[in-house]
2 protein chains.
Amino acid sequence: MKAVQKQYNKHEDAYKLENQLCFPLYAASRLVTKCYQPVLDELGITYPQYLVLMVLWEQDQVSLSVLAEKLMLQSNTLTPLLKRMQETGLIDRVRSQQDERSIVISLTDKGRLLKAEVPRLQQQLQDIGITFEEAVQLKKLLSKMLRKAE
Amino acid sequence: MKAVQKQYNKHEDAYKLENQLCFPLYAASRLVTKCYQPVLDELGITYPQYLVLMVLWEQDQVSLSVLAEKLMLQSNTLTPLLKRMQETGLIDRVRSQQDERSIVISLTDKGRLLKAEVPRLQQQLQDIGITFEEAVQLKKLLSKMLRKAE
DNA sequence: TATTTTTGCATCGTGCACGACATAATCGTT
DNA sequence: AACGATTATGTCGTGCACGATGCAAAAATA
C-alpha cells in the first residue's frame, strides 16, 4: 500500500516544475543576465551585445557567420543586434573584399576599451549561491551539453 | 619566463567566451528549448506556455501573482502570454471573487489533456549529451543558484 | 561557359522578457 | 469614514530569438 503510494508520487513528481531540468536552466540563465544588468546598463550595452564583445575581444575581425557559430545564433538575430552596436559606435561592419557576401565585424576603440570592465561584470556573480568549484563543475556539465549539439 | 607566460594566459582566459559561466548557461537554455520545439510545435504551444502548464498541472486555480512567483516572471510578461493561451483554449482567466484585483488561472479540458504528452517531451532530452546522474547534479547546482536568489 | 546549387546575409512576423509607468482594488491608519 | 500606502494586474516601448523566406554572390557541376 505504502509502496504503491510512493510509486504514484514518483510518477507524479516527474511533472513537477522543480524536478525538470528545463526550468532551472531557463530561470538560471535569466537570473545571471539580471545580475549583470546594473553594470551593463551603466556601460550602455545589453547582455547579448556583451557576448558579441567577448568574441571580438578574443578575436577581432570576425565574419558574421563565424560570430553566429560561436554564439550559436542566426543571422536574423545578429544582423539587427550588430546594427545597433554599430549605431552606438562599438563595432564596425564592413563587406569583405574577398567575398562580397560576407560581413566582417571589427571593434572600434570604444568597443575595445570596454574590455577593461570585464572584472567588474564578473564580480557581479560573486555571490551567486554556489562555490567556485561548483561553478567550474556547472560550466563543465553545460559545455558537455553544448559540445554534443555541435 | 614560462611562469609569467602562463600567468598572462590565465588572466587572458578569464575573458574567453567558453571560460565564463554566463555563455554556456545562456546557450544551453536555448538548446533545451530547441530540443522541445518539434513536439511543442505539434502541440501548438510555446516553451514558456509549457512551463505555465506545468505549474497548473501541479496546482490548478492559481493566481497570476503565484504563477509569476513560481516561474520567476513578471505580470507584464505573463499577461499577454496567458491571454494567448486563453485564446487557444488552454486556460481560463477569471477575476477572483474575494479580491477583484486578482486573476485566477485555471486549466480547461484541452489544457488538462496535454499533460499526457509530458513523457514525449521529456524524451526529447534523452540524448542531451550528459548522463542521468550528471543531469541530476546539474539540476541540483542550478536549483541552488535559484534558491539563493529567493 | 552556362546552369544549378550552395552560402552569407538580410527582411518580416510572432512571441517572449523586462524596465518604466498607469490604474484600480485593498489595506492600514487615523 | 477618509485617505495615503500597498498590492495585483495591465499597457507600452525596446531588444532579443527564431521560423519562414528572399536575394545576390560564390562555388560546383554539367
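**Exercise 1. Salt bridges in chain B**

Determine which residue forms a salt bridge with Arg112(B).

*Solution.* Step 1. Arg112(B) forms a salt bridge with Asp109(B), and the closest N and O atoms are 3.2 Å apart. The term salt bridge denotes a side-chain nitrogen of Lys or Arg within 4 Å of a carboxyl oxygen of Asp or Glu. The structure is a predicted model, in which local features need pLDDT of at least 70 and side-chain atom pairs count only at pLDDT 80 or more, while totals for chains, interfaces and linings use all residues. Residues are numbered from 1 along each chain as its sequence is written, chains are lettered from A and ligands numbered from 1 in the order in which they are written, and side-chain values use heavy atoms, with hydrogens and water left out.

Step 2. Both residues, Arg112(B) and Asp109(B), lie in helix 6 (residues 109-113) of chain B, 3 residues apart, which is about one turn of the helix. Helices (H or I, at least four residues) and strands (E, at least two) are DSSP runs, numbered from the N terminus.

Step 3. Arg112(B) has a relative accessible area of 39% and is therefore partly exposed; Asp109(B), at 57%, counts as exposed. Here buried means under 20% relative accessible area, exposed over 50%, and partly exposed in between (1.4 Å probe, protein chains only).

Step 4. A further salt bridge of chain B joins Asp99(B) and Arg101(B), with the closest N and O atoms 2.7 Å apart. Asp99(B) is partly exposed at 26% relative accessibility, whereas Arg101(B) is exposed at 71%.

**Exercise 2. A network in chain A**

State which residues are linked with Glu117(A) in a network of salt bridges.

*Solution.* Step 1. The network links Glu117(A) with Glu42(A) and Arg120(A). Within this network, the side chains of Arg120(A) and Glu117(A) meet at 2.8 Å, N to O.

Step 2. Arg120(A) has 32% relative accessibility, so this residue counts as partly exposed. Glu117(A) also counts as partly exposed, at 22%.

Step 3. Over all chains, the structure holds 14 salt bridges.

**Exercise 3. Two helices that cross**

Describe how helix 8 of chain A and helix 2 of chain B cross.

*Solution.* Step 1. The axes of helix 8 (residues 132-148) of chain A and helix 2 (residues 22-43) of chain B come within 9 Å and cross at roughly 45 degrees. This angle makes helix 8 of chain A oblique to helix 2 of chain B. Axes are lines fitted to C-alpha atoms, for helices over the stretch in contact, and angles run from 0 to 180 degrees between N-to-C directions. Angles under 35 degrees count as roughly parallel, over 145 as roughly antiparallel, 65 to 115 as roughly perpendicular and the rest as oblique.

Step 2. The crossing of helix 8 of chain A and helix 2 of chain B is left-handed, that is, the near helix is turned anticlockwise from the far one by less than a right angle.

Step 3. Helix 8 of chain A contributes Lys139(A), Leu142(A), Ser143(A), Met145(A) and Leu146(A) to the contact, and helix 2 of chain B contributes Pro24(B), Leu25(B), Ala27(B), Ala28(B), Leu31(B) and Val32(B). Contact means heavy atoms within 4.5 Å.

**Exercise 4. A serine in helix 2**

Is Ser29(A) buried or exposed?

*Solution.* Step 1. Ser29(A) is found in helix 2 (residues 22-43) of chain A. At 8% relative accessibility, Ser29(A) counts as buried.

Step 2. Apart from its neighbours within four places in sequence, Ser29(A) is in contact with Leu25(B), Tyr26(B) and Ser29(B).
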